[in-house]
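Student: Could we read this model together, one question at a time, with the reasoning spelled out?

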Amino acid sequence: LRRLVLVLGDQLDLGAAAFDGFDPACDAVWMAEVAEESTHVWSSQPRIAMFIAAMRHFAAALRDAGLPLHYRRLDDTDAQEDLAAQLRADIATLRPQTLVLTRPGDWRVLQALQAVASEAGLPLALREDRHFYTTPADFAAHAARRKGLRMEFFYRELRRRFDVLMDGDEPLGGQWNFDADNRQAFGPAGPGFDLPQPPRFEPDAITREVIALVRERFAGHPGRLDHFAWPLTRTQALQSLDAFIRERLPLFGPYQDAIWPGEPWLYHAQLSAALNLKLLTPREVVSAAQAEVRAGRVSLASGEGFIRQILGWREYVRGIYWTRMPAYAEANALDARHDLPAWYWTGDTDMACLRDAITQTLDHGYAHHIQRLMVTGLFALLYGVEPAQVHAWYLSVYVDAVEWVELPNTLGMSQYADGGVMASKPYIASGKYIDRQSPLCGGCRYRPDERTGERACPFTTLYWDFLLRHEARFAEHPRLALQVRALGRVGDAERHCIREQARALRSQG
Ligand code: FAD
Ligand code: SF4
């Protein structure tokens, strides 16, 4: 065997760089389902099913395309526990001359596979991932040119470089950002009865077999599989993209920050898993959105708001990840030390907003950005949960969770554990923010505007406690000083009550 092309669970793209020069006469593909990828964090059943089912569908596509494939199933009798052990065993029997790999999404996996290659005395050709607009080296060069990092500047560079929503040298419409037109909440009547529902892909025979395997093998893992209907093939992913562009993109911008109980999808794309598994390319998603704007079917504000998530945030977080790992994973700038409350794994809490977001997460392996940032993430930040535990939770529960994207979002954007690399300030708010964005507080036993007392909203208590705990650190912060200054109106007795109530909340876990 000349080359063994290693394909990981998030590299399901026949056009990937690892396949360049592939010759079926002397090369082969290697894929392996291994238990450790589902157990190194307590991966949820939807997430495990997503990866394994998509891998098995991709294996079928490889076979159809006539590529020789060595595929290890989780239930093979001689299956090894982790990727390194499996590869070591298979190298011994297949005896390739070279290993080829597209850059993986996880630093840990890259280290492990490089170690196996060097142990076996085999060259490992690491190829850059063409799926992304930029490489880690592009990001490093950008960072070297600037004093501080901000997504907005990287994004503008990429708009120009890839000619996205540009009018010559100027941004289309004369502005880079239309956030002022976005970010509305639904009125009291809610999102309406004709909320478009994204396509569901009922499990086929391959997926049903995977669901049964996951239910049996990972029975104790969180999450449920009754609603599993994610796109798992390239064809299905393209159908999802098409439905989003036609039915939900027009209102994506206005309602991107809204929350409505029992409505997980709203106007979001529901495309992150398909993108992260490489069933779709960001270029085709961005082009499709741009075409709608240019044709006048989608407002510039909505189209730009969406494109910024992909061309901006998605590329930016990947740059942060690859230029900062492995130290990044250890960051804990706010010295947060508490354990993650156990109900994060069940949704069993009286707080209506958290119950809704977590139940939905466990049912679907999905929550939209504002639920992740301003409900589950915000609570962990205010509570002071150790960032590594927050990271383990996010990496476990979402079908789109791959470390390169999950870690900077969790540690950086949501927990401010990197001290301001990702986000210019900690995203903190009291329960009043959730009250503005959703009707959830109306059905909750707590009151978002009360910070102490029996009915005080835990977010609100912990928000004031956060300001008290970090008063000195943020007193001069340009974007937080105003919030800190409000502490000036809180007397000593009230400060004491806030601290005591926060302590009591934490002691309940
Ligand atoms: P939409 O809201 O419709 O956005 C469109 C696309 O833009 C997404 O599909 C995604 O590819 C991209 N995108 C949007 N926001 C971001 C972002 N902040 N970073 C990178 N890409 C973005 N996204 C993941 O893909 N995997 C994760 O594991 C993940 N973990 C997160 C953890 C936390 C704490 C937070 C705050 C955010 C996380 N995100 C993650 C980002 C974002 O929440 C999800 O990409 C989004 O909710 C996916 O749903 P959607 O496809 O409907 O996205
Ligand atoms: Fe959440 Fe507080 Fe509102 Fe209850 S009152 S739903 S805990 S923000």
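Student: Which residues does Arg 2 touch, not counting residues up to four places away in sequence?
Tutor: Two residues are in contact if their C-beta atoms, placed from the backbone, lie within 7 Å. Arg 2 lies in the segment before E1, and its C-alpha atom is separated by 5.5 Å from that of Cys 26, although the two are 24 residues apart along the chain. Leaving out residues up to four places away in sequence, the residues that Arg 2 touches are Cys 26, Asp 27, Gln 97 and Thr 98.

Student: What kind of model is this, and how are its parts numbered?
Tutor: Residues are numbered from 1 along each chain as its sequence is written, while chains are lettered from A and ligands numbered from 1 in the order in which they are written. Local features need pLDDT of at least 70, side-chain atom pairs count only at pLDDT 80 or more, and totals for chains, interfaces and linings use all residues, because this model is predicted.

Student: Is Arg 2 buried, partly exposed or exposed?
Tutor: A residue is buried if 20 or more other C-beta atoms, placed from the backbone, lie within 10 Å of its own, exposed if 12 or fewer do, and partly exposed in between. Arg 2 has 14 C-beta neighbours inside 10 Å, so it counts as partly exposed.

Student: How many helices and strands does the chain have?
Tutor: Helices (H or I, at least four residues) and strands (E, at least two) are DSSP runs, numbered from the N terminus. Counted in this way, the secondary structure of the chain comes to 20 helices and seven strands.

Student: Which residue stands opposite Met 31?
Tutor: Strands pair if DSSP finds at least two bridges between them. E2 (residues 27-32) has five of its six residues buried, so this strand is largely enclosed by the rest of the structure. Strand E1 (residues 3-6) runs parallel to E2 and is joined to it by four bridges, with Leu 6 opposite Trp 30. E2 also pairs in the parallel sense with strand E3 (residues 69-72) over four bridges, and there the residue opposite Met 31 is Tyr 71.

Student: Which helix gives the most to the side of domain 1 that touches domain 2?
Tutor: An automatic or database domain assignment supplies the bounds, and it divides the chain into domain 1 (3-127), domain 2 (136-324) and domain 3 (342-508). The contact takes 21 residues from domain 1 and 22 residues from domain 2. On the side of domain 1 that touches domain 2, ten residues come from one helix, residues 45-64, which is H2.

Student: Which helix supplies the largest share of the shell around ligand 1?
Tutor: A residue is counted near a molecule if its C-beta atom, placed from the backbone, lies within 6 Å of it. By that test 27 residues surround ligand 1, and the closest are His 268, Ala 269, Ser 272, Gln 309 and Glu 406. The shell draws at least three residues from each of domain 2 and domain 3. Its largest share, six residues, comes from H15.

Student: How many residues of the shell around ligand 2 are nonpolar?
Tutor: Ligand 2 is surrounded by 14 residues, of which the closest are Cys 353, Gly 431, Cys 441, Cys 444 and Cys 457. Ala, Val, Leu, Ile, Met, Phe, Trp, Tyr, Cys and Pro count as nonpolar, Asp, Glu, Lys and Arg as charged, and the others, Gly among them, as polar. Beside one polar and one charged residue, the number of nonpolar residues in this shell is twelve.

Student: What is the phi of Gln 270?
Tutor: Most residues other than glycine have a negative phi. Gln 270 is found in the loop between H8 and H9, and with 23 other C-beta atoms within 10 Å it is buried. Although Gln 270 is not a glycine, its phi is positive, at about 60°.

Student: Which peptide bond is cis, with omega near 5°?
Tutor: Most peptide bonds are trans. Pro 326 has its place in the loop between H11 and H12, and the cis bond, with omega near 5°, is the one from Met 325 to Pro 326.
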